[in-house]
Amino acid sequence: MKLEQLPLEYQRAIPVLQKLEHAGYEAYFVGGSVRDILLHQEIHDVDIATSAFPQEIKTLFPRTIDVGIEHGTVLVLEEEEQYEITTFRTESTYQDFRRPDKVEFVRSLEEDLKRRDFTINAFALKEDGKIIDLFDGLDDLHNHVLRAVGNPHERFHEDALRMMRGLRFVSQLGFELEPETLEAIKENHALLEKISVERVNIEFVKMLLGKNRQAGLRAFVETECYIYCPGLSGKGEALLRMADLPEIPLKTESQAWALLLNQLDLSGSAVRPFLKEWKCSNQMIKEVQALVQGLDLRQEGPLLPTALYQLGETAAVQVEELMVYFEKMPELAKVRQAYQELPIKSLRELAIDGKILLATMDRKPGQWVSEALQSAEEAVINQVVKNEREALLTYVKEQLSN
């Protein structure tokens, strides 16, 4: 097979391939971006594989960075672009199911492609558009089949994360796992225990955000990979409930976690420990906590002014978007309008502050100041009193006298 035209990202990289070839080496575009071109999807990076050894690559290109030279990868800076160029290689045994005990550089493209995970990721592409397909990946691509290269048990023992990658591709691409590959994941799913949570997290989130999330989650449960993921052991039924939700792609990672936590029936104080186990960032935890709280409130009825104020417009809209998974039509315009109509959007906009209270009230500093401001804030949000200095001071005095 030959492509008539390469995408612009590849066209810009052709001089890099040609420089390697003119020096007597083989060079090809490889990896997921070749698959994405064949699927008419947007590509995100350009990876190059070559028969040149790392030092030979460094000799040819004046500006390089050793990003993973022990594994044969050199980052080449060319014009305004940068490309990861990796030497053809074979790998020895994988005693920790993550990293090869030994990497050996080779001159053979076939030896290099044999170590790839799935046939649809084992293509090589020449600069003239010719596709090198040594493992019938084009047939699998056409038939929407996800098949491990060679022996699937060997591939998953080399890197157990490949099992999660497979489930992620089911969700992202809508492909079916080839029976032998599926059985190999079932038999080897316990190897996931050897993989760092951070790596599993990346694949899991991509699976949740895939357009075929339902199929990905069902395969996740069928293979029992979920048992070795943080906080999910024994939660197969909840995951299947999530798989039964409308198959509308989730937009953000925080929404994906919030919907998952809702299906797991976890909220309040249980949210942070769960996400900590998944090694989520503090920022992500903060975002998800807000969405979970907002989702609990929204399922009881429309978000009231206090909830809108606390959530902020972005989170409130994201909560409303999740209503589609509960057979409710999201009222995004109404939520945005309700938020914009709030008298204030933050405590900074309140017409009084602590200094004003201390200057006008015959009281010593103390906890009463923050309590008074909070009371005034709630009163303004709920339009009990106008956000005007004198009106607020009168309101606070009344509250204090009570």
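**Entry 1: which domains meet at the big pocket**

I started with who lines the largest pocket in this predicted model. Domain 1 (1-135) and domain 2 (144-244) each put at least three residues into that lining. So much for the domains; next I wanted the space itself.

I looked up the volume of the largest pocket and got about 1500 Å³. The lining runs to 44 residues, and the ones closest to the centre are Gly32, Asp47, Arg116, Asp117 and Arg165. I then asked which elements give two or more residues to this lining. My list has three helices, H2 (32-38), H7 (161-173) and H9 (197-208), and four strands, S2 (47-50), S3 (64-68), S5 (81-87) and S6 (89-91). Which element gives the most? H7 does, with seven residues.

I sorted the lining by class too. For the largest pocket I have 22 charged residues, twelve polar and ten nonpolar.

**Entry 2: the runner-up pocket**

I moved on to the second largest pocket, which holds about 290 Å³ of space. I find 15 residues lining it, with Lys286, Glu287, Ala290, Leu311 and Ala315 closest to the centre.

Which helices supply at least two residues each here? I noted H14 (282-298), H15 (305-311) and H16 (313-321). H14 has the largest share of this lining, at eight residues.

By class I get seven polar, six nonpolar and two charged residues for the second largest pocket.

**Entry 3: strand S1 and its partners**

Back to the N-terminal part of the chain, I checked strand S1, residues 27-30. Are its side chains buried or exposed? Ala27 and Phe29 on one side are buried, and so are Tyr28 and Val30 on the other, which leaves both faces of S1 covered.

Then I looked for pairing partners. S1 runs antiparallel to S2, and I have four bridges between them. In that pairing I find Val30 opposite Asp47 of S2. I had already met Asp47 in Entry 1, among the residues closest to the centre of the largest pocket. S2 was on that list as well, as one of the elements with two or more residues in the lining.

The other partner I looked up is strand S8, residues 124-125. S8 is also antiparallel to S1, joined by two bridges. Here I see Phe29 standing opposite Leu125.

Terms used:
Residues numbered from 1 in each chain as written. Predicted model: local features only at pLDDT ≥ 70, side-chain atom pairs only at ≥ 80, totals over all residues. Heavy atoms only, no water. 1 Å grid on protein atoms, 1.4 Å probe; cavity = no way out; pocket = protein on both sides within 12 Å on 5 of 7 lines; lining within 4 Å. Points joined across faces, edges and corners; volume = space filled by probe spheres on them. Nonpolar A, V, L, I, M, F, W, Y, C, P; charged D, E, K, R; others polar. Domains from an automatic or database assignment. Buried < 20%, exposed > 50% of the residue type's maximum accessible area, 1.4 Å probe, protein only. Pairing = 2+ DSSP bridges.
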